[in-house]
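This report walks through the fold shown below, with attention to how its helices and strands are arranged. Please keep the structure open while reading.

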Amino acid sequence: MTKKVLLVDDDPSIHAGLLRLVRTLGHVADVASTGAEAAAKLRAHPFDLCITDLQLADGDGRDVVREARAARPPVTVVALTDHGTVSDAVDALRLGAADVLGKPFHASVVEQALARLLGDGAPGPGHRPTPGAAVIGDHPAMRLVLERIAQIADTEASVLIRGET
């Protein structure tokens, strides 16, 4: 099911990357570069999710979190931070943010957050969640290793994977 996502960041490269990711996942996205612009969009249109930077050129992204949570119906929020401290992240969570992601972030981290928070259901083919583990890489050799892992994952076999880090 298509969901509507508001992306709030004053960095155009972040907008472009998130916009591409959200659209690739089959959702509709709108962008805002300032907290004031985000607040106006949140008041005017219903959104399923808002991804906002906590440090905006025109103010504090926590105001966007407040605005999103005050919307009717309330909008789920993911906060992004690279300038902030742990206390900024804690404040965002206390205000109702569902998650806080550090910048720079890997697209897979955002994709997992979107799937979890938007309730997209089953992950894509070949995806097998492993608690506490993450494999990063899109090289053909790495894909081959992941395919082999998927083939033996449901067995009791012990496997040693060796290679370059």
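In this predicted model, Pro-12 is part of helix H1. Pro-12 is exposed, because its relative accessible area is 60% and the exposed class begins over 50%. Although Pro-12 and Ser-33 are separated by 21 residues in sequence, their C-alpha atoms are 8.2 Å apart in space.

Helix H1, which spans residues 12–24, meets helix H5, which spans residues 107–118, with axes that come within 11 Å and cross at roughly 50°. The two helices, H1 and H5, are therefore oblique to each other, and the crossing in which H1 passes H5 is right-handed. On the H1 side the contact is made by Leu-18, Leu-21 and Val-22, and on the H5 side by Ala-107, Val-110, Glu-111 and Leu-114. Sorted by class, this contact of H1 with H5 holds six nonpolar residues, one charged residue and no polar ones.

The strands can be taken next. Five of them form an open sheet with parallel pairing, in the order E2-E1-E3-E6-E7. Strand E2 (28–32) and E7 are the edge strands, each of them pairing on one side only. Averaged over the sheet and with direction ignored, neighbouring strands are turned by 20° against each other. Two of the pairings are set out here, each with one bridge between named residues.

| Strand pair | Sense and bridges | A bridged pair of residues |
|---|---|---|
| E1 (residues 4–8) and E2 | parallel, five bridges | Leu-7 and Val-31 of E2 |
| E6 (residues 76–81) and E7 | parallel, four bridges | Thr-81 and Gly-102 of E7 |

The edge strand E7 covers residues 99–102, and its side chains alternate along the strand. Asp-99 and Leu-101 point to one face and are buried, whereas Val-100 and Gly-102 point to the other face and are not buried. Gly-102, the bridge partner of Thr-81, thus belongs to the pair in E7 that is not buried.

Two helices can also be placed against the strands. Helix H3, residues 61–70, lies across E1, strand E3 (49–53) and E6, and runs at about 165° to E3. H5, the helix that is also in contact with H1, lies across E1, E3, E6 and E7, and its direction is at about 170° to E7. Strands E1, E3 and E6 are thus crossed by H3 and likewise by H5.

Notes: Residues numbered from 1 in each chain as written. Predicted model: local features only at pLDDT ≥ 70, side-chain atom pairs only at ≥ 80, totals over all residues. Heavy atoms only, no water. Buried < 20%, exposed > 50% of the residue type's maximum accessible area, 1.4 Å probe, protein only. Pairing = 2+ DSSP bridges. Axes fitted to C-alpha atoms, helices over the stretch in contact; angles between N-to-C directions. Parallel < 35°, antiparallel > 145°, perpendicular 65-115°, else oblique. Left-handed = near helix turned anticlockwise from the far one by under 90°. Contact = heavy atoms within 4.5 Å. Nonpolar A, V, L, I, M, F, W, Y, C, P; charged D, E, K, R; others polar.
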